[in-house]
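Dear colleague,

I am handing over the structure we spoke about, and below it you will find my notes on what turned up in it. Please read them with the structure open beside you.

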Amino acid sequence: METISDFHGKNMFLSNFFTYSFTFEGREYLNAEAAFQAAKCIDEKDKDKYMNMPPNVAKRAGRKEKLRPDWEDVCDDVMYRVVKAKFSDPFLCGLLKKTGDAVLVEGNLWHDNKWGDCTCPKCKDRPGENRLGRILMRVRSELPDDVRIL
């Protein structure tokens with residue numbers, strides 16, 4: 001079975017850093033990273049500042065955000081809903097469907113073993129949880145059979 005573990009180049013669309021506008025909970029975001037980081041906000045109006053943020057800026061801003069009290073309990077569900085909203089776009093939906101039954105692994109070198117699987121020398125013997133990859137595969141499995149693959 002094929003494994004896709006590099007969310008760059010032709011597979012960049014799988015990354016939360018991929019720039020492609022979509023609507024999540026009534027707001028239009030430039031990328032999934034911004035939508036996910038905005039969901040951490042306690043105050044609804046604070047989410048607006050994330051709408052036009054590039055993904056790297058959103059990730060940094062999210063690290064400084066005062067987290068909503070239930071964040072650890074809901075973060076997986078939030079990521080699922082963000083990814084589902086992103087891939088509701090017909091073009092992106094077709095690209096995700098085109099990955100077939102490949103195992104999707106958010107491989108990285110920045111020690112993210114929660115959402116991905118870091119393969120740096122320090123982490124290589126500790127398998128990551130690959131939560132983003134698992135969510136992508138879940139969303140892919142929920143796509144209708146008649147999705148048009150471009």
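Which side chain does that of Asp48 join in a polar contact of 2.6 Å? The partner is Arg27, and I should say at once that this, like everything below, is read from a predicted model.

Asp48 itself sits in the loop between α1 (32-38) and α2 (55-64), and with a relative accessibility of 40% it counts as partly exposed. For a sense of distance across the chain, the C-alpha atoms of Asp48 and Phe7 are 27 Å apart, while 41 residues separate the two in sequence.

The partner, Arg27, leads to the hairpin of β2 and β3. Strand β2 (residues 19-24) and strand β3 (residues 27-31) run antiparallel and are joined by 4 bridges, and in one of the pairings Arg27 of β3 is the bridge partner of Phe24. The hairpin has 2 residues between its strands, and Glu25, which is found in that loop, has a phi near 50°, a positive value in a residue other than glycine. Glu25 is partly exposed, because its relative accessibility is 44% and the partly exposed class runs between 20% and 50%.

A second residue with this kind of backbone angle is Asn130, which is not a glycine and yet has a positive phi of about 55°. Asn130 is placed in the loop between β6 and α5 (131-141), and its relative accessible area of 6% makes it buried.

Turning to charged pairs, the count of salt bridges comes to 15. One of them brings together the side chains of Glu65 and Lys49, at 3.4 Å from N to O. Since Glu65 lies in the loop between α2 and α3 and Lys49 in the loop between α1 and α2, the pair ties together parts that are 16 residues apart in sequence. As for accessibility, Glu65 is buried, with a relative accessible area of 14%, whereas Lys49 is partly exposed at 45%.

Two further salt bridges may be worth a look on the screen. In the salt bridge between Asp125 and Lys124 the closest N and O atoms are 3.6 Å apart, and both of these residues are exposed. In the salt bridge between Asp70 and Arg68 the corresponding distance is 2.7 Å, and Asp70 is partly exposed, with a relative accessible area of 28%. Beyond such pairs, salt bridges that share partners join Glu25, Arg27, Glu44, Lys47, Asp48, Asp77 and Arg81 into one network, and this network includes Asp48 and Arg27, with which these notes began.

What, by contrast, is the distance from Asp112 to the nearest side chain of opposite charge? That side chain belongs to Lys59 and is 5.0 Å away, and Asp112 is buried yet has no salt bridge. The reasoning here needs the cut-off: a salt bridge requires a side-chain nitrogen of Lys or Arg within 4 Å of a carboxyl oxygen of Asp or Glu. Asp112 is located in the loop between β5 (107-108) and β6 (117-118). A polar atom of the Asp112 side chain does lie 3.1 Å from the backbone nitrogen of Lys114. When residues up to four places away in sequence are left aside, Asp112 touches Glu106, Asp117 and Cys118.

Finally, the aromatic residues: a search of the whole structure finds 5 aromatic pairs. In one of these, the rings of Phe13 and Phe87 have centres 6.4 Å apart and planes at 75°, so the pair is edge-to-face. Because Phe13 belongs to the loop between β1 (3-4) and β2, and Phe87 to the loop between α3 (71-86) and α4 (90-98), this pair ties together parts that are 74 residues apart in sequence. Phe13 and Phe87 are both buried. Elsewhere in the list, ring pairs link Phe18, Tyr20 and Phe91 into a cluster.

With best wishes

Conventions:
Residues numbered from 1 in each chain as written. Predicted model: local features only at pLDDT ≥ 70, side-chain atom pairs only at ≥ 80, totals over all residues. Heavy atoms only, no water. Buried < 20%, exposed > 50% of the residue type's maximum accessible area, 1.4 Å probe, protein only. Lys, Arg positive; Asp, Glu negative; His and termini not counted. Polar contact = N/O pair within 3.5 Å; in protein donor to acceptor, adjacent residues only side chain to side chain. Contact = heavy atoms within 4.5 Å. Pairing = 2+ DSSP bridges. Phe/Tyr/Trp six-rings, centres within 6.5 Å; stacked < 30°, edge-to-face > 60°.
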